[in-house]
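User: Got a minute to go through a model with me? I'd like to look at some backbone oddities and then the chain contact.

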Amino acid sequence: MNKKNKDGEKEFDWYSYMIQLEHLTGNNVPDEYRADVISYLKLTKQIVQPLLECDIPEEFEAAPVYRP
Amino acid sequence: MNNKFLYKDANRISSAVRKGEVSAREITEAFIQRATTLNDKYNCFSQFLSNRALKEADRVDEIIGQGGDPGVLAGVPYGVKNLFDVEGVTTLAGSIMYKGQPAAEKDATVIKRLQKSGAILIGALHMSEFAYGYTNENSHYGPVKNPHDLTRVSGGSSGGSGSSVAAGMVAFSLGSDTNGSIRLPAALCGVFGFKPTYGALSRFGTKMFASSFDHVGPLARSVEDIAATYDAMCGPDPNDPVCHGGKFVSLISCLNQKIDGLRLASLDGYFKSNGSDESYESVNQVCKALNVTKSVKINNTDSARGAAFVITHCEGGLEHANDIRNNLDKFDPTTRSGFITGTLLPANWYVKAQKFRSWYRTQVLNIFNEFDVLLAPATPFSATKIGQKTMKLDGSDVPVLSNLGIYAQPLSFIGLPILSVPIHGIGDMPHGVQLIAAPGKESSLIKIASYLQNEGICVAPIANDAV
């Protein structure tokens, strides 16, 4: 889900991502709030990046563990 | 009444009431008068509960009159963040969305327990909307001001809880902590703030933000009061599925104990970067007083912050899914984008964050095999100006809102008990130092904090402006 920026470089298209997720989740983000949400998504990505790059040993289960 | 009791901590007030030196009604009337007068200045209270408070006070006096024991917090006035249910009061959680909703039918569990201990609830306190935000600049109700400097923020999200204690409007208060919301206002307002082990105190009757992170706890001006209020609130509660009640050790019994056997270290790496010199100096001052020479590093702490961020937003987004669908325009502009974002994040981020949580927890618990108490700054900088968006750190401008909680978030992420102790005299504003222990080891924190208080290192005077 990339688009070209004004310098012709590829970058992630947060606007399209947000629109598609809106459809999938049934949440409508009105136009007046979209710029703020995109800024927040970008901030989230920046804060989450170390987690995404982190290798977690396979033996660890996601918490909480489901116990029937 | 003799105003000398207005400036005393809960321990001293309770002692005087139980000895009959002053009545609970006199104390309550004096505190209500003081708090209502000061509220125009600090904006701490969203609602005063004078009738209820006087009834509770009369009940305490009646028990004393009959020769009974009204409890360890007899006649002690306190306030609660307005996300706690109070019988007959609509729970606002800092929002305007719930204003028209019915009043709560009963008190939150911890409020009931405080009542049984003789404490007097005088009002509900302002907070960041839905406990989301570190500065307590609530667009609906206005910012809660810092009693040490009215132009500065109180910290959030339990800003009313921190400011009211620092201003001496109450002897103690209750707050909630998801990612730092007790510790931050405690640090910025210069008081003690205690986030016990996850599940130690019941959250039944509180409006949740992110359930797997949500804790409740006290803010106060002395270690004695932190211990006494915790003891009064402790215990299992079947109404809160995560409340195990802790392995009860009376924290009052941990005051003034020897600390020789406790192994201490300061946190290195992540916790010694991205902060101000003053925040590091606060930790150094505590380390010097405790003769701490060792330091230890928790690996992957930046990932922990990221994981906490993802889980919080996903849980918060789900908690407020109906509000997002039906009341989006009524959100505080400072929280709206965050809650919407929580509904838009990819599932694999969430699952990875949960998996990381298990791993990180194991790593940190291993450190507690070597050390009993760890030390770190509570915040990277002291209270910022109201309206201030960025802060200069290491020559760069960083956003205040997303950076104020960087030292708090990776620790509450795994439910550790943490006591933020106040440091005054480094720069113009107070700072906080986090004392961190293994789950269930609250007693170690109280021993260390009690020592630091007795040595005069960590004290929480009422702000000069409010005296």
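Analyst: Sure. This is a predicted model, and a good place to begin is B:Phe130, which sits in the loop of chain B between β3 (120–125) and β4 (137–138).

User: What's phi doing at B:Phe130?

Analyst: Phi there is near 55°, so a positive value in a residue that isn't glycine. Most residues other than glycine have a negative phi.

User: And is B:Phe130 buried or exposed?

Analyst: Buried: B:Phe130 has 28 other C-beta atoms within 10 Å, and the cut-off for buried is 20 or more.

User: Which loop holds B:Asn256, and what's its phi?

Analyst: B:Asn256 is in the loop between α7 (223–233) and β11 (264–267) of chain B. Its phi is also positive, near 55°.

User: Why does B:Asn256 count as partly exposed?

Analyst: Because it has 13 C-beta neighbours inside 10 Å, and partly exposed covers what falls between 12 or fewer (exposed) and 20 or more (buried).

User: OK, peptide bonds. Where's the cis one between B:Gly156 and its partner?

Analyst: It joins B:Gly156 to B:Ser157, with omega about 10°. B:Ser157 belongs to the loop between β7 (149–153) and α5 (159–166) of chain B.

User: Switching to B:Pro439. Where is that, and what does it touch?

Analyst: B:Pro439 is in the chain B loop between β17 (431–437) and α15 (442–454). Leaving out residues up to four places away in sequence, it touches B:Thr197, B:Gly415, B:Leu416 and B:Pro417. B:Pro439 is buried, with 20 other C-beta atoms within 10 Å.

User: Now the chains. How many residues go into the contact from each?

Analyst: Chain A gives 25 residues and chain B gives 31. On the chain A side, the elements giving two or more residues are α1 (14–25) and α2 (31–52). The largest share of that side, twelve residues, is from α2(A). By type, the chain A side has 19 nonpolar, four polar and two charged residues.

User: How does α2(A) meet α11(B)?

Analyst: Their axes come within 9 Å and cross at roughly 65°, α11 being residues 333–342 of chain B. That makes α2(A) roughly perpendicular to α11(B), and the crossing is right-handed.

User: Which residues make that contact?

Analyst: From α2(A), A:Tyr33, A:Asp36, A:Val37, A:Tyr40, A:Leu41 and A:Thr44. From α11(B), B:Arg336, B:Ser337, B:Gly338, B:Ile340 and B:Thr341. The residues of this helix contact divide into five nonpolar, four polar and two charged.

Definitions and conventions
Residues numbered from 1 in each chain as written. Chains lettered and ligands numbered in written order. Predicted model: local features only at pLDDT ≥ 70, side-chain atom pairs only at ≥ 80, totals over all residues. Contact = placed C-beta atoms within 7 Å. Helix = DSSP H or I, 4+ residues; strand = E, 2+ residues; numbered from the N terminus. Nonpolar A, V, L, I, M, F, W, Y, C, P; charged D, E, K, R; others polar. Axes fitted to C-alpha atoms, helices over the stretch in contact; angles between N-to-C directions. Parallel < 35°, antiparallel > 145°, perpendicular 65-115°, else oblique. Left-handed = near helix turned anticlockwise from the far one by under 90°.
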